[in-house]
Amino acid sequence: MKIIAPGRDCIGWSREFDCTGKGNEGIGCNARLLVEEADIWFYVVNNSWGRETFYSFICPLCGCMTDISHSLISGETMDHIRKRCEETAKVSYVRAQADKVKTLRLANRKKQQE
Ligand SMILES: [Zn+2]
């Protein structure tokens, strides 16, 4: 393999996670991913028992959403993520992003098969 153009280093906090679909639809593809701050979505769900907040990432391979335990993210990182996601902190928006990844993924797979 040859590097055509090097990418950047991870910015800010990052950690390895498996794509499991935890807390969401689907079981994930079990890929091991290096998830960085910018990959995480923050959103709020108002349940009958109150307000719940979630930090999740969307797998670039299968489009599955996986929730991350709050205890695995530092308070400072949570602040950064919340600030970035303030305008989009709705589960419907984040699910739509996941659906976009899934649709792209399926279209690419079809192209490869043709
Ligand atoms: Zn996946």
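**Close-ups of a predicted model**

**View 1. Contacts across the whole chain.** Take the contacts between residues at least 6 apart in sequence: 62% of them join residues at least 24 apart. Keep in mind that this is a predicted model. The chain runs β-β-β-β-β-α-α along the sequence, which gives five strands and two helices. Lined up on the principal axes, the C-alpha atoms fill a box of roughly 50 × 30 × 25 Å. As for burial, 16% of the 114 residues make the cut.

**View 2. Zooming in on Tyr 55 in strand β4.** Strand β4 covers residues 50–58, and Tyr 55 sits in it. Is Tyr 55 buried or exposed? Tyr 55 is buried, because 20 other C-beta atoms lie within 10 Å, and the cut-off for buried is 20 or more.

**View 3. Who Tyr 55 touches.** Skip the neighbours within four places in sequence, and Tyr 55 is in contact with Ile 40, Phe 42, Ile 68, His 70, Ile 73 and Ile 81. Arg 82 is worth picking out too: Tyr 55 and Arg 82 are 27 residues apart in sequence, yet their C-alpha atoms are 9.1 Å apart in space.

**View 4. Helix α2, end to end.** Helix α2 takes in residues 91–113. How far apart are the end C-alpha atoms of this helix? They are 33 Å apart, and that agrees with the 33 Å that 23 residues should span at 1.5 Å a residue.

**View 5. Helix α2 and its surroundings.** Only burial is at issue here. Two of the 23 residues of α2 are buried, so the helix lies largely in the open.

Terms used. Residues numbered from 1 in each chain as written. Predicted model: local features only at pLDDT ≥ 70, side-chain atom pairs only at ≥ 80, totals over all residues. Helix = DSSP H or I, 4+ residues; strand = E, 2+ residues; numbered from the N terminus. Buried ≥ 20, exposed ≤ 12 C-beta atoms within 10 Å, placed from the backbone. Contact = placed C-beta atoms within 7 Å. Expected span 1.5 Å × (residues − 1).
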